[in-house]
Amino acid sequence: MSVEAGAQAPVIEIRGLRKTFRDFWFRPVAEAVNGIDLTVERGDVFGLLGPNGSGKSTTIKMVLGLLAPTAGSVKLFGLSPRARAARARLGYLPELSYLHPFLTARETVMYYAGLSNLDRKTAKARTAELLEQVGLAENANRPVGGFSKGMARRVAFASALVSHPELLILDEPTSGLDPIGTREVKELIGRLAADGLTILVTSHQLFDMQDVCSRVAILSHGKVVGSGRVADIVAAAADKRHALEDYFVARLGAGQEGAK
Amino acid sequence: MRRFLALARSATLEALAEPLSAILFLVALATVHLAPVFHYHQFGEPGRLARECGFSALLVFGLVFATAAAVRAIGGEIASGTAAAALARPVPRGLFFCAKIAGVVASFALFLVAIAAATVLATYSSAIGAALADVAEGPVSRIWTPGLALGILATLGGFVAAALLNRFVRARFCVSACLLMALAQPLVLCLALPLGQEGFASTALLMPWNIIPALVVLACGCCVFIAFAGALAVRLKPAPTAALVAGAVLISFVWPIRFVLPEINRFWLVDRLAAGGALPWGEAGMAVAAAVCLVAFWLIAGSLLLQRRELP
């Protein structure tokens, strides 16, 4: 499918996705993802929620083409996740801020700009702009190996945004952040969503996700046990403040009953 | 090309940023420069000990430095997650593998430059020192020539300068130390050219320049093991990779694993330089051509392995 055709397709389309991890002898060890169907449309802030081990990160890694599905299909902008044209349009923030400790914050963002094929002049300007945006302009020349977890997270955020992506994939973006850092990330997600960016985000912080997500899917044991628009979930809830949390607990309970 | 350069540059920096690298540069250069001090061990020819020290330093210290860097650049990045973060970008996996190996080879080239300059200077100093000992009145235990003093000063000076740069401008210590120690060697070689000992005209013509192409041939053989280590590191953890590479190097001294790994003896041309011997250019050319083919083989193998590698 051409890039032009891909422009009309959903940003992410997942059908019957399964992933079984195997050991050295190819014996199945864990069924991480067990038949997921999802569609993320343009402009969505889509929350993929679930407890630890529910298959969120595995799903994201299959969307990124880092893991091969055991069965089913993933389409990114209508293309295979391994297609360079598809990956050129996304930014990725991993669950842990995987950074080279010997590079400075500026060099790190410039490195990812280079990987996104930005020319040097554009990359320098974009790096300066993003480091300013994430509040690291004054620490731009310090090696990231000496950064706190929160500062490293900001560098990773700037690196994810350096190529002006159309789709931003955030794996636990508030992991390890203090309340102020968490609020800053939420505000940033809100600003990016307002600019029309499509965002796929995984998190345990349901209270935070209720504020930023437009749609959610609840994962349990590698299956989608509930999904819907956050506005509808809140409208239907008795306790508006904890609507997503209540929905999450209810769907998880239903999912476990179903599994039994 | 930008992607290739970004990946290669990070691999070079990573290779030089390791404390082990600075230590290996220091120990290798000190070994080569101090060889002329032991001028009684001439193996029948003034300068031979220094020359063979240089080749051994490249093979042992250089190979440890470069293969460790290759394992870190591929296996380390896969284990730490930085490879996944990079490959989530529009970066082909084959390009990632080749660029990382190219970055490691670039850092190994820096090591080669340092060792080549140091070996030429040490071999020359050793020959001068031996000749001076012959004409000296009474027993002489040590002969300190200007070249020897310059070489040791350059090595220690590079280390100290790196510390000062780190103290005052926060430059990365290990990267600066490797760079300064390496680049100081050709500099002092140039400075040593017009320095003459009494009765010995120290000119460029007297320098044993044929050491350099022979070292380049050996370096080409080492590059095969760098690419081999990188390819293994795609699937294996660092410890088994290091064990397999060490085993392969040892085996390659005894017999070649044809079409897969080189026979090190074919790259070890230092013996041909003994007693004023000339470098066998045809043989050297064949060895380099074989190394190029084997590096290409391991680059393709590593790229294919990475294509199929899952990055959890």
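# Exercises on a predicted two-chain model

Chain A holds an open sheet of 6 strands in the order β5-β6-β7-β3-β8-β9, with mixed pairing. The model is predicted: local features need pLDDT of at least 70, side-chain atom pairs count only at pLDDT 80 or more, and totals for chains, interfaces and linings use all residues. Residues are numbered from 1 along each chain as its sequence is written, while chains are lettered from A and ligands numbered from 1 in the order in which they are written.

## Exercise 1: the open sheet of chain A

Determine which strands stand at the edges of the sheet, and describe what lies across it.

Step 1. Helices (H or I, at least four residues) and strands (E, at least two) are DSSP runs, numbered from the N terminus. Two strands pair if DSSP finds at least two bridges between them.

Step 2. β5 (90-93) and β9 (223-229) of chain A each have a single partner strand and stand at the edges, so one side of each is left without a neighbour in the sheet. On average, neighbouring strands of this sheet are turned by 15° against each other, direction ignored.

Step 3. β5(A) pairs with β6 (residues 167-171) of chain A in the parallel sense, over 4 bridges. Leu90(A) has Leu167(A) as its bridge partner in β6(A).

Step 4. Angles run from 0 to 180 degrees between N-to-C directions, and axes are lines fitted to C-alpha atoms, for helices over the stretch in contact. Two residues are in contact if their C-beta atoms, placed from the backbone, lie within 7 Å. Helix α2 (residues 56-63) of chain A lies across β3, β6, β7 and β8 of chain A, at about 150° to β6(A). Helix α6 (residues 149-161) of chain A lies across β5 and β6 of chain A, at about 165° to β5(A).

## Exercise 2: the partners of β1(A)

Find how many bridges join β1(A) to β2(A), and how many join β1(A) to β4(A).

Step 1. β1 (residues 12-22) and β2 (residues 28-40) of chain A run antiparallel and are joined by 9 bridges. Lys19(A) stands opposite Val33(A) in β2(A).

Step 2. The hairpin of β1(A) and β2(A) has 5 residues between the strands, and Phe26(A) takes a positive phi near 65° there.

Step 3. β1(A) is also joined to β4 (residues 71-76) of chain A by 5 bridges, and these strands run antiparallel. Opposite Arg18(A) stands Ala71(A) in β4(A).

## Exercise 3: helix packing in chain B

Classify the crossings of α3(B) with α8(B) and of α1(B) with α3(B).

Step 1. Angles under 35 degrees count as roughly parallel, over 145 as roughly antiparallel, 65 to 115 as roughly perpendicular and the rest as oblique.

Step 2. The axes of α3 (residues 48-80) and α8 (residues 211-235) of chain B come within 8 Å and cross at roughly 25°. α3(B) and α8(B) are therefore roughly parallel to each other.

Step 3. The axes of α1(B) and α3(B) come within 9 Å and cross at roughly 125°, which makes α1(B) oblique to α3(B). This contact joins Ala11(B), Glu14(B) and Ala15(B) of α1(B) to Ala69(B), Arg72(B) and Ala73(B) of α3(B).

## Exercise 4: the interface

State how many residues of each chain are in contact, and which helix of chain B gives the most.

Step 1. 24 residues of chain B are in contact with 20 residues of chain A.

Step 2. On the side of chain B that touches chain A, α1 (2-17) and α4 (82-87) of chain B each supply at least two residues. α1(B) gives the most, with 8 residues.
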